[in-house]
Amino acid sequence: MRAPAIVAIALTAAVIGASTTGWILSSDDHARNGVIPTNMGYRGPAAVPLGDVAGAASFGAAISMPNPLGDDPMAVESGKKLFRAMNCAGCHGYSGGGGMGPALNDHYWRYGGAPAQIYKSIYEGRPQGMPAWGRALPADQLWRLTAYVSSLGGGVPPEQAEAALHGDTAGRTVRKAQDNAAEGGNGLEGQ
Amino acid sequence: MVRLRIALAIAGLMGLAACQPNDTASPPTHSAFARGTHGSFNPAPGGAPGDWTSQARDYANSRYSPLNQINTSNVGRLRAAWTFSDGALYGHEGAPLVTGNTMYTVSPFPNRAFALDLTKPGAPIKWVYDPAPSPMAIGKACCDPVLRGWAVGDGKLVYNLLDAHVVAVDLKSGKELWRTKMADVSRGTTMTMAAFIVGNKVFVGNSGGEMGVAGWFAALDLGTGKELWRAYATGSDKDVKIGPRFKPLYPQYAGKDLGLKTWPPGMAQHGAGSSWGFVSYDPELNLVYYGTSNPGPRVPSQRPGDNLWTSAVFARDADTGEAVWAYQFTPHDQWDYDGVNEMMLLDLPINGKLRHTLVHFDRNTYAYVLDRATGEVLKADTFAPQNWSTGFDWKTKRPIINPAKIPKVGEEVKNICPPDIGQKDWEPPSYSPRTGLIYAGIFNICMDLTNHKVSYIAGTPYDGMEMYRHSVDGKGGDWGALIAWDPVAGKRAWSIPEKFMVMSGTIATAGDLVFYGTTDGWFKAVDARNGKLLWRQKLSSGVIGQPITYLGPDGRQYVAVASGVGGAAMVQSALPGFPARGSTLYVFSVDGLDVNGGKPTARRGAP
C-alpha cells in the first residue's frame, strides 16, 4: 500500500476513535440545558437532565463508516492470514465459530458487528480477555482483520449499523446451532 | 498387610456408624478382602461418615461413602428435597462440601461462595462471599470459566479464583481471611482446579496449557496464604524441584535438567505442563500426587523431544515439594492428551501380591496401575476404543505410536481416536471396596485434526489444533458410557452406553449404588454390582459436576449434584438434544423428605 493511503487510513482510524467518544458527549442542546417551560411559569434548569442527553436515539455517523478497504477480496484474504498469525483463531475458531472467545460468524455482537465497531473492538480490546491490538498492529492491518471478520457470516453492513443496534436489521437468520463445537472449540481442552 | 487390615477396620467402623436400624442394605462382607481378590484404600483423613469434606471425600480419591440408608431397595423412591441456584451460567464441575450442618458450594466464574444452613427446611443461605475476580479471566480460560471444586480445613473454605488468586474464607462468617496472587491472568494463567488441603497446607496448580504458560504446582500455608514452595513442570532441575531424593526408575528420566534438554532451546519456558486436575495424598509416604497437562504449543512438530515433564505424573514430598518420582504417560504428547486425570490410591492384589498402587485413567485411553512408592508401571490396559497407539511397549514403558495418526501441519488427519479431550477427561471415577470395581464416566469419540503453526504471543492461545470431533461409531453413534472397571484384571466388568459424553464424577456407596449424571441432564443410580438402572431423574441442565452423599442434621441420607452443563462437554453443543446452560444444585432424599420431615412449616390458611 502506498504511503498516502496508509496516512488516509490512519486518519480515518483517528476520526473513528474521536467520534465514537464524541457522540457520547454531543447531544441535543435543549435536553442538555434542561430548560423547560412549566405551567407554573417557571423557566429554569431542570433538577434532572431530560431528553436524549445520552445519545440513545442518535449514534452519529461514526458507526456507519464503511471499511476503507471496501470489499476487496485481497483484504479479506490477507485478513484471514493475520487472523491465524495473531492467534485470533485460537479463541474465535479457525472459521470464526468461537471457542474461548465469542463466535464471529453469527448475528450476536456484544459490541456491534459493523466494520467500524469491529475495528474498535480489535483496536481497544474488550474486558473479557480480548487483547488490545491497536498497540501491536497498524491501522491498515486492523482494517484487513475487520474485512475478514466481516466476511465470516455475521458482519453487519455499515449502512445497517444503527438499525442493528435496535434489532431492526433485515435479512438476519436465526443463530446457527453453535457450530463452534463441530468446528473444534479450539482451546478445548488441555488447560 | 497390617495396613490393609487397619484400613478395613476403619472402613468397617465407618460403615457401622452410618447404619440405621431400618437399613436394608446387606451388611458389608469383608471376606472378599481376606481372600485377596478385592482391593481396598486408606480412608484417611476419615471424619464423620455423614460428612463430605473434600472433593474426593478422602486423600485416596475413592469417592466412596460408607452410608447405606439409601440402597438398592429404596433408591427408586428418591425425590428432590430442595434445590438451589447460584446464578452462574457456566459449567458446574465441583462437588458441594458438607460439614458442621452446613453445605458449602462455589459457583463457576464469578466464583461466589455460598454457605447453606442444612438445619432448616430448604437450606437457606447463611452467607454469600463475592470475591469479584477480573472478568478478563473469562477469555483466558480455554474451556469455559469453570471451577472443579473447593476445600475446607482449619475453619476455612479455600478455593482458586479464575483470575489466578487463591482465597480463604471463614466458614462461620463468610469473611475473606487471605487472598494470594499466584500469577498474572493477562498472560494467560487461570486457575480452575480444586484446592486440596492436607494438614496446614493448601495445594494448588495452574491452568493455561493452551496459552503458553509455564505449568506449576504449589503449596501454601493454610493459616496465612503464604507460598511455601512451587515446582514447575518444565525447566531446570531447580525449577522442577528435582534433587537428591528423585529416583528415576526408567532410563528416560535419568539425567540433568531434562525439563530443558527434552525441548528445543528456549521453548520449555512456554511449554505448559500445567496442573488442573485432582490431587491425592498418601499419609504414610507423605507424598502428593498430581498430573501435568499437555505441552505447548499443541503443534508437536514445533517442539521435537519428549517435552518433559508434561503429560506426566509427579510424586512429591508434601512438605518440601521435592520430586520423588515421575512417569510420563504420553511422551511428546501430539494430541493434547495431558496427564492431569486423577490418581486413585488403591491397595490392590496385582499378580497375587498386595501392592500399594496408584490407578490412573489417562486421556490417552490407557488405564495405568503404578506402584505409588516408586512409579513402577504394573499395568497399562486400554479402557475404550483408541487408535493413536498400537500397543504398550513394556521394554520402554511407552505406548507404541501409530504413524498413521501423527498430526500434520496444514493437512487433515482423519479419525484419530481419542480426540484431544481423551476417552476420559478430568471427571473423577469412584471405587467401591465392596465390589472391587472402579466406576468411570468415559467418552466414545474421535477427531479429524488439522494442525496450524503458531507463534507465542502473550495472553493469546499457543494452540494450533483445528478439530472436528465425532462419535467412534459415526453419525448418530454414542458419544459416551459409564464403565465399571476391574483394576486387578484390567478389564471392564460391565458398561452402560450413553448417547452423550459422561462428564460427571461418580460416587459409590455402601448401599451398593453408583450415582452419575449425563451431559444431557439425566442423574442416575445404578446397582454397583451389575449396572442395573435403579433410578433416574431428568435435571434442568446437563450434569458435569460431582455427586456427593451426606447425612443431614436429621440423620437422613441425602444425595446432591449440580446441574449446569459447560466445560469440555460443550464440544457436543451442535448435537440434537444438547441442553441449555443451568446453575442448579439438586438435593435428593427418599420420598423427598427434608429436615422438617416433609411437614409444611408454613401455617395453613385460616379455616
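## Helices, contacts and odd backbones

In H5(A), the buried residues are A:Pro115, A:Ala116, A:Gln117, A:Ile118, A:Tyr119, A:Lys120 and A:Ile122. Here a residue is buried if 20 or more other C-beta atoms lie within 10 Å of its own, exposed if 12 or fewer, and partly exposed in between, with C-beta atoms placed from the backbone. Helices (H or I, at least four residues) and strands (E, at least two) are DSSP runs, numbered from the N terminus.

The model is predicted, so local features need pLDDT of at least 70 and side-chain atom pairs count only at pLDDT 80 or more, while totals for chains, interfaces and linings use all residues. Residues are numbered from 1 along each chain as its sequence is written, and chains are lettered from A and ligands numbered from 1 in the order in which they are written.

**Exercise 1. Work out how chain A is put together, and how much of it is buried.**

Step 1: count the elements; chain A has 8 helices and 2 strands.

Step 2: put them in sequence order, which gives α-α-β-β-α-α-α-α-α-α.

Step 3: check burial; of the 191 residues in chain A, 38% are buried.

Step 4: look at contacts, meaning pairs of residues whose C-beta atoms, placed from the backbone, lie within 7 Å. Take the contacts in chain A between residues at least 6 apart in sequence: 69% of them join residues at least 24 apart.

**Exercise 2. Is helix H5 of chain A mostly covered or mostly open, and what does the backbone do just after it?**

Step 1: H5(A) spans residues 115-124, and 7 of its 10 residues are buried, so call it mostly covered.

Step 2: move just past the helix end, where A:Gly125 takes a positive phi of about 80°.

**Exercise 3. Describe helix H6 of chain A and find how it packs against H3(A).**

Step 1: get the length. H6(A) covers residues 139-150, and its 12 residues reach 16 Å from first C-alpha to last. That is close to the 16 Å expected at 1.5 Å a residue, where the expected span is 1.5 Å times one less than the number of residues.

Step 2: check burial. H6(A) has 10 of its 12 residues buried, among them A:Leu142, A:Trp143, A:Leu145 and A:Tyr148. As a reminder, an α-helix has 3.6 residues a turn, so residues three or four places apart point the same way.

Step 3: get the geometry. The axes of H3(A) and H6(A) come within 7 Å and cross at roughly 100°. Axes here are lines fitted to C-alpha atoms, for helices over the stretch in contact, with angles from 0 to 180 degrees between N-to-C directions.

Step 4: name the angle. H3(A) and H6(A) are therefore roughly perpendicular; the cut-offs are under 35 degrees for roughly parallel, over 145 for roughly antiparallel, 65 to 115 for roughly perpendicular, and oblique for the rest.

Step 5: list partners. From H3(A), residues including A:Val76, A:Leu82 and A:Phe83 meet a set in H6(A) that includes A:Arg144, A:Leu145 and A:Tyr148. By class, this contact has 7 nonpolar, 3 polar and 2 charged residues. Ala, Val, Leu, Ile, Met, Phe, Trp, Tyr, Cys and Pro count as nonpolar, Asp, Glu, Lys and Arg as charged, and the others, Gly among them, as polar.

**Exercise 4. How many residues of each chain are in contact across the A–B pair, and which elements of chain A take part?**

Step 1: 27 residues of chain A touch 41 residues of chain B.

Step 2: the elements of chain A giving two or more residues are H3 (73-85), H4 (88-92) and H8 (180-183).

Step 3: the chain A side has 12 nonpolar, 12 polar and 3 charged residues.

**Exercise 5. Track down the unusual backbone spots at A:Asn87, B:Asn415, B:Pro297 and B:Pro418.**

Step 1: recall the baseline. Most residues other than glycine have a negative phi, and most peptide bonds are trans.

Step 2: A:Asn87 is not a glycine, yet its phi is positive, about 70°. A:Asn87 sits in the loop between H3 and H4 of chain A and is buried, with 24 other C-beta atoms within 10 Å.

Step 3: B:Asn415 also isn't a glycine, and its phi is about 55°. B:Asn415 belongs to strand E25 of chain B and is partly exposed, with 15 other C-beta atoms within 10 Å.

Step 4: now the cis bonds. One joins B:Gly296 and B:Pro297, with omega about -5°, and B:Pro297 lies in the loop between strands E16 (287-291) and E17 (312-317) of chain B. Another joins B:Cys417 and B:Pro418, with omega about -5°, and B:Pro418 is in the loop between strands E25 (412-416) and E26 (430-432).

Conventions: Two residues are in contact if their C-beta atoms, placed from the backbone, lie within 7 Å.
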